[in-house]
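Me: I'd like a close look at one part of this protein, namely the pocket and the interior around it. Can you walk me through what lines it and what sits behind it?

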Amino acid sequence: MFRTLAATCAALLLSACTSSITYRADYLPEIAIPPEARIDGRVLVYTTRADDERVESEGATSFTGSGATLVTPVGLITREVAVKVFSAAAAEGAVHSNELTDLGRYSVVVRPEIQDFSYGFPQLKNLGFAITPEAQVKLRMTVLDAEGRAVLEKDYDSGVVEGKSYMMSGKPYERVSKLLHDSLYDLMLKAAADVRGHQQAATVARPAD
């Protein structure tokens, strides 16, 4: 009886409403990457304006929360997380641009694109009045050459990431936002490591003058 009541309350709390989240710099930890593990030179994080303006308006994949709509500026969040991570991962930092100009100024040009974002509150994991949020993020990272042509493209999948259970509140989507930030952060770190590996391999393969 108690569990049924709790589940009903959770469903009511997370239904029939529209909520929104945005980029939160304070959700991301400081990044300490050893100098020997950094990308050589300066990185350009390139996104189109359409990338930046991409917004997802979806309900949860679970029954709980499926009746609500969460408005998520996935393009903005992806761009900002990319700039933060690559600024720490590159020896000379990183900048963002919507234009592919003066590419000779950069050692690497990357284009991050979020492919999919989903979230939910699985009822089987809801204990009493607690809610357990989940999220999954899929990211594509493309490395461009000095002519703006793709030379490397790789997809990354966070898998289903589970957050900590917490008591129901009036702001349940803050935990979903934190999961999105954390997942993108982890995927960007993996992508940055792969970009460095690609750069090192290209350097080794380059014929000596």
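Reply: First, the term: a pocket here is an open set of points on a 1 Å grid over the protein atoms alone, with protein on both sides within 12 Å along at least five of seven lines. Its volume is the space filled by probe spheres set on those points. Keep in mind that this is a predicted model.

With that in hand, the largest pocket comes out at about 250 Å³. Its lining takes in 16 residues, and S107, V108, V143, L144 and H198 are the ones nearest the centre. By class, that lining splits into 10 nonpolar, 4 polar and 2 charged residues. Three elements, β6, β8 and α4, put at least two residues each into the lining. The largest share comes from α4, with 5 residues. For orientation, β6 covers 108–120, β8 covers 134–144 and α4 covers 173–205.

Now for what those elements do elsewhere. The protein has 4 helices and 11 strands, and 44% of its 209 residues count as buried. The largest nonpolar core holds 46 residues, and V43, V81, F86, V110, F117, Y119 and M188 have the most contacts inside it. β6, β8 and α4 each supply at least two residues of this core, as do β2 (43–46) and α3 (74–89). Here too α4 gives the most, with 11 residues. As background, nonpolar side chains in soluble globular proteins tend to be buried together.

F86 makes a handy viewpoint inside that core. Setting aside neighbours within four places in sequence, F86 is in contact with I39, V43, V45, G93, A94, V110, M141, M188, A191, A192 and V195. A separate core of 6 residues lies apart from the big one, with L44, Y46, L103 and Y106 among its members.

Some of those F86 partners turn up again at an enclosed space. The structure has 2 cavities of 30 Å³ or more, and the largest has a volume of about 40 Å³. Its lining consists of M141, V143, L152, K154, Y156, A191, D194 and V195. M141, A191 and V195 are thus shared with the contact list of F86, while V143 is also among the residues nearest the centre of the largest pocket. The elements giving two or more residues to this cavity lining are β8, β9 (150–157) and α4. By class you get 6 nonpolar, no polar and 2 charged residues.

The second largest cavity, at about 30 Å³, is lined by E56, S57, E58, L70, T72, F117 and Y119. Two or more residues come from each of β3 (56–58), β4 (69–72) and β6, with β3 giving the most, 3 residues. The class split for this lining is 3 nonpolar, 2 polar and 2 charged. F117 and Y119, which line this cavity, are also listed among the residues with the most contacts inside the largest core.

To put the pocket back into the whole chain: 77% of the contacts with a separation of 6 or more join residues 24 or more positions apart. On the outside, the accessible surface is about 10700 Å², and carbon and sulfur atoms account for 52% of that. If you want one element to follow through the picture, pick α4: it supplies the largest share of the pocket lining, gives the most to the largest core and contributes two or more residues to the lining of the largest cavity.

Definitions and conventions: Residues numbered from 1 in each chain as written. Predicted model: local features only at pLDDT ≥ 70, side-chain atom pairs only at ≥ 80, totals over all residues. Heavy atoms only, no water. Buried < 20%, exposed > 50% of the residue type's maximum accessible area, 1.4 Å probe, protein only. Contact = heavy atoms within 4.5 Å. Areas by Shrake-Rupley, 256 points an atom, 1.4 Å probe, with all protein chains shown as cover. Core = buried A, V, L, I, M, F, W, Y, C linked by side-chain atoms within 4.5 Å. 1 Å grid on protein atoms, 1.4 Å probe; cavity = no way out; pocket = protein on both sides within 12 Å on 5 of 7 lines; lining within 4 Å. Nonpolar A, V, L, I, M, F, W, Y, C, P; charged D, E, K, R; others polar.
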